[in-house]
Amino acid sequence: MFSCVRWFQPFLALLSSTLLTWGYNCPSSCLCPDHHTVDCTSQGLTRLPDSIPLDVRRLLLSNNWIPWIPSDFLVLYSDLVYLDLRNNSLTKLEPGTLSTSSRLVYLDLGSNNLTEIPSGTFGESRSLIKLRLGNNPYLNMVSKDAFAGLTSLRELELERNALSGLDIGVLSQLPSLRVIRLEGNPWVCNCNFAKLFLWLLENRHKLPSGLEGMECSLPGDGRQVSLSVLSEDSFRECLGLLTLSDYLIVIFSGICISVAAIIASFFLASTIHCFQRLKSKRTDEEEAED
């Protein structure tokens with residue numbers, strides 16, 4: 001009898017573990033290999049699954065047809081550290097959608113249909129270390145403050161998108177950045193690209209494929225050239241150009257000077273007029289006395 005009990009013990013342990021796993025509120029059409037992982041990869045989902053456990057840490061949603069993420073999606077999942085939404089149908093991210101993901105370390109939004117990364121998208125996701133945004137063929141705009149607050153971000157992927165330029169302010173806000181991928185974008189080597197090129201020269205060690213792996217088109221004939229054949233002198237004609245801010249300052253200064261000149265002329269004319277009237281009055285008084 002005792003031998004039978006000993007024989008059943010491993011079986012009971014396995015059965016108990018299986019029942020616990022399958023009874024752990026796992027969304028339909030998904031797998032939950034452990035209590036903190038939900039795997040819904042390649043399930044043909046057209047929206048986020050229901051009944052995701054609140055204490056999920058790894059959420060795998062790649063290779064589906066999910067078109068959007070509710071702005072309050074991550075509010076309840078405070079333990080989430082790994083989110084894979086690669087190869088879906090996402091077209092935009094509402095500002096603040098990912099601002100509550102305080103523990104998120106890995107986020108993959110690659111191979112979607114994103115067109116823009118607006119300011120405030122990631123909020124204060126200070127734990128985020130790797131962010132994948134590559135292979136979004138319509139992504140042509142990254143706002144200057146799109147990555148503000150990502151102080152721990154080490155790897156940023158923006159390869160094979162539709163970016164023709166990028167404000168270096170986007171990158172200067174990432175003090176922990178170690179790796180950045182920018183190859184495969186339709187960069188244009190104009191004066192708007194000059195500052196980014198200088199930043200790339202100083203940070204070429206952060207490019208996995210170096211400057212050799214990046215190309216840009218020349219403004220004149222559209223010919224593609226490798227960034228490795230360019231230098232700071234290639235953009236020397238841009239050094240004397242004024243920025244939009246410079247132009248606004250010049251225009252504002254000109255307006256102020258014009259207004260000041262008009263006011264000064266008015267006071268001068270008024271003073272001369274008063275002086276002439278006073279002189280004429282004195283002349284009349286002297287003639288009356290004679």
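In the predicted model, Asn-135 is partly exposed, with a relative accessible area of 30%, and is found in the loop between β7 (130–132) and β8 (141–142). The backbone of Asn-135 has a phi near 60°, a positive value in a residue other than glycine. Most residues other than glycine have a negative phi. A positive phi, again near 60°, is also found for Asn-63, which lies in the loop between β3 and β4 and counts as partly exposed at 31% relative accessibility.

The loop between β3 (58–60) and β4 (82–84) also holds Leu-76, which is exposed, with a relative accessible area of 57%. Together with Leu-54 and Val-75, Leu-76 forms a nonpolar patch on the surface, and the accessible area of these residues amounts to about 310 Å². In soluble globular proteins, nonpolar side chains tend to be buried together.

Burial of nonpolar residues was examined next. The largest nonpolar core has 63 residues, and those with the most contacts inside it are Leu-131, Phe-147, Leu-156, Leu-200 and Leu-227. Two or more residues are given to this core by each of the elements α2 (169–172) and α3 (191–202), and α3 supplies the largest share, six residues. Because domain 1 (23–186) and domain 2 (190–241) both give residues to this core, the core lies between the two domains.

Charged pairs were then considered over the whole structure, in which a search finds 13 salt bridges. Side chains of opposite charge can pair when their charged atoms come close. One of these bridges joins Arg-47 to Asp-50, with the closest N and O atoms 3.2 Å apart, and Asp-50 is partly exposed, with a relative accessible area of 49%.

Arg-86 takes part in two of the pairs described here, one with Asp-84 at 3.0 Å, N to O, and one with Asp-108 at 3.3 Å, N to O. The pair of Asp-108 and Arg-86 links distant parts of the chain, since Asp-108 belongs to strand β5 (residues 106–108) whereas Arg-86 is in the loop between β4 and β5, 22 residues apart. Both acidic partners are buried, Asp-84 with a relative accessible area of 5% and Asp-108 with one of 0%, whereas Arg-86 counts as partly exposed at 29% relative accessibility. These residues belong to a network of salt bridges in which Asp-84, Arg-86, Asp-108, Lys-130, Arg-132, Glu-155 and Glu-157 are linked.

An open sheet of three strands has the order β11-β12-β13, and its pairing is mixed. Strands β11 (187–188) and β13 (224–226) stand at the edges, and because each has a single partner strand, one side of each is left without a neighbour in the sheet. Strands of a sheet pair through backbone hydrogen bonds, either parallel or antiparallel. Strand β12 (residues 215–217) runs antiparallel to β13, to which three bridges join it, and within this pairing the bridge partner of Glu-215 is Ser-226 in β13.

Note on methods. Residues are numbered from 1 along each chain as its sequence is written. This is a predicted model: local features need pLDDT of at least 70, side-chain atom pairs count only at pLDDT 80 or more; totals for chains, interfaces and linings use all residues. Side-chain values use heavy atoms; hydrogens and water are left out. Two strands pair if DSSP finds at least two bridges between them. Helices (H or I, at least four residues) and strands (E, at least two) are DSSP runs, numbered from the N terminus. Patches are made of residues with over 30% relative accessible area and no salt bridge: like charges are joined within 9 Å, nonpolar side chains (Val, Leu, Ile, Met, Phe, Trp, Tyr) within 5 Å. Accessible areas come from the Shrake-Rupley method with a 1.4 Å probe; for residues, only the protein chains shown count as cover. A salt bridge is a side-chain nitrogen of Lys or Arg within 4 Å of a carboxyl oxygen of Asp or Glu. Buried means under 20% relative accessible area, exposed over 50%, partly exposed in between (1.4 Å probe, protein chains only). A nonpolar core is a set of buried Ala, Val, Leu, Ile, Met, Phe, Trp, Tyr and Cys residues joined through side-chain atoms within 4.5 Å. Domain bounds come from an automatic or database domain assignment.
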